[in-house]
Amino acid sequence: MDKEKVGVKTPEYISLQFQLAGLGSRTVAFIIDNVILSIAMVIILLVSFLLVFAVSEIPFMEDAIPYLLVFMIIGLFLLNYGYFVILEFFWGGKTIGKKIMGIRVIQENGQSITFLASFIRNLLLIIDSLPYYLVGLLMIFFHPKKKRLGDLLAGTIVVYDENAPSKKKQSTIEKEIHDRGLTKESLSLDTWNLKSIDMQDWNLIRTYANRFKQLDVKDRIELTDQVAQIIFPKLGLEWEYKDSQELENMLLIVYLHLKDEWEYEI
């Protein structure tokens, strides 16, 4: 599969390079998502018709049937478009289909997709899907950055996820995290708080993690305390009464969370 590269520059003037997701990967991801949506919609339709049937058997409830049908139609519409918008925003630019195919949506400046951008790009699916998704397929095929209409108006691109599972050798800090038995599940972080982290915060955490094994104990304790005072308030985490080992573990877990969101090929 041919992977074309695209370079972007963040608002912090950091140059990043991404692999553009190909037409094949995006098409398969879209098919997977639509199979999932179709199953969900069939379930909703079955439940709705069962409710309509049950209500029709109740005296004086016949007038409620049109309202049930309206709610069903609205529910199907919200499911069809809300699925993409909500998952892309809260799951780092990925839907289930994109996750399986190892691709994700980001903004053209390299940052995570915003709710508004996700809303715009998926609202335009109405046009991109005409007829039989032909408009979207042709635009992705011919556009130099493989953009469909929704991507053009939302200012987004679809790239290969550099954090997708691979057989890549563990780095020093990854081995340290593994040896400590730390995982993302070891510390629950609020999604909204994670959205408050910017590129500068990520660079701080990444630098901390990369230097972690190089520092002597005294310098590491001092740096840990300094970084914790900057990062933890943004994430709603308490640090005042934690010992140095706890703070180190918490920062390394925060690194794991942010790595999935921010780490790209530079």
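1. A residue counts as buried when its relative accessible area is under 20%, and as exposed when that value is over 50%, with partly exposed in between. Please keep in mind that this is a predicted model. With that cut-off, aspartate 201 is buried, because its relative accessible area is 5%.

2. Let me stay with aspartate 201 for a moment, since several features meet there. Aspartate 201 is part of helix 10. Setting aside residues up to four places away in sequence, aspartate 201 touches Ser196, Ile231 and Lys234. With Lys234, the contact is also a salt bridge, in which the closest N and O atoms are 2.7 Å apart. Lysine 234 lies in helix 11 and aspartate 201 in helix 10, so this pair ties together parts that are 33 residues apart in sequence. Is lysine 234 buried or partly exposed? Its relative accessibility is 31%, so lysine 234 counts as partly exposed, while its partner aspartate 201 is buried.

3. On to the other salt bridges: a search of the whole structure turns up 16 of them. One of these joins arginine 148 to aspartate 128, with 2.6 Å between the closest N and O atoms. Arginine 148 sits in the loop between helix 6 (134-142) and helix 7 (149-154), and aspartate 128 belongs to helix 5 (residues 125-128), so the pair ties together parts that are 20 residues apart in sequence. Both arginine 148 and aspartate 128 are buried.

4. Two further items on charge pairing may be worth a look in your viewer. Glutamate 176 and arginine 180 form a salt bridge through their side chains, at 2.7 Å from N to O. Glutamate 176 has 13% relative accessibility and therefore counts as buried. Elsewhere, Arg26, Glu88, Lys98, Arg121 and Asp151 make up one network, joined by salt bridges that share partners.

5. Now the nonpolar interior. In soluble globular proteins, nonpolar side chains tend to be buried together. Here, the largest nonpolar core has 31 residues, and the members that touch the most others are Ile205, Ile231, Phe232, Leu237, Val254 and Tyr255. At least two residues of this core come from each of helix 8 (172-179), helix 10 (199-211), helix 11 (217-235) and helix 12 (244-262). Which helix gives the most? That is helix 12, with 10 residues.

6. Valine 254 makes a good place to start exploring this core. Not counting neighbours within four places in sequence, valine 254 is in contact with Leu187, Leu189, Ile205, Ile231, Phe232, Leu235 and Leu237. There is also a second, separate core of nine residues, among them Ala21, Ile103, Ile113 and Tyr160.

7. Finally, a pocket. The second largest pocket has a volume of about 160 Å³. Two elements give two or more residues to its lining, namely helix 2 (65-90) and helix 4 (115-123). Helix 2 provides the largest share, six residues. To find the site, you can select Phe77, Leu78, Tyr81, Gly82, Val85, Ile86, Phe115, Phe119, Asn122 and Leu123, which line this pocket. What is the make-up of the lining by class? Eight of the residues are nonpolar, two are polar and none are charged.

Note on methods: Residues numbered from 1 in each chain as written. Predicted model: local features only at pLDDT ≥ 70, side-chain atom pairs only at ≥ 80, totals over all residues. Heavy atoms only, no water. 1 Å grid on protein atoms, 1.4 Å probe; cavity = no way out; pocket = protein on both sides within 12 Å on 5 of 7 lines; lining within 4 Å. Points joined across faces, edges and corners; volume = space filled by probe spheres on them. Helix = DSSP H or I, 4+ residues; strand = E, 2+ residues; numbered from the N terminus. Nonpolar A, V, L, I, M, F, W, Y, C, P; charged D, E, K, R; others polar. Core = buried A, V, L, I, M, F, W, Y, C linked by side-chain atoms within 4.5 Å. Buried < 20%, exposed > 50% of the residue type's maximum accessible area, 1.4 Å probe, protein only. Contact = heavy atoms within 4.5 Å. Salt bridge = Lys/Arg side-chain N within 4 Å of Asp/Glu carboxyl O.
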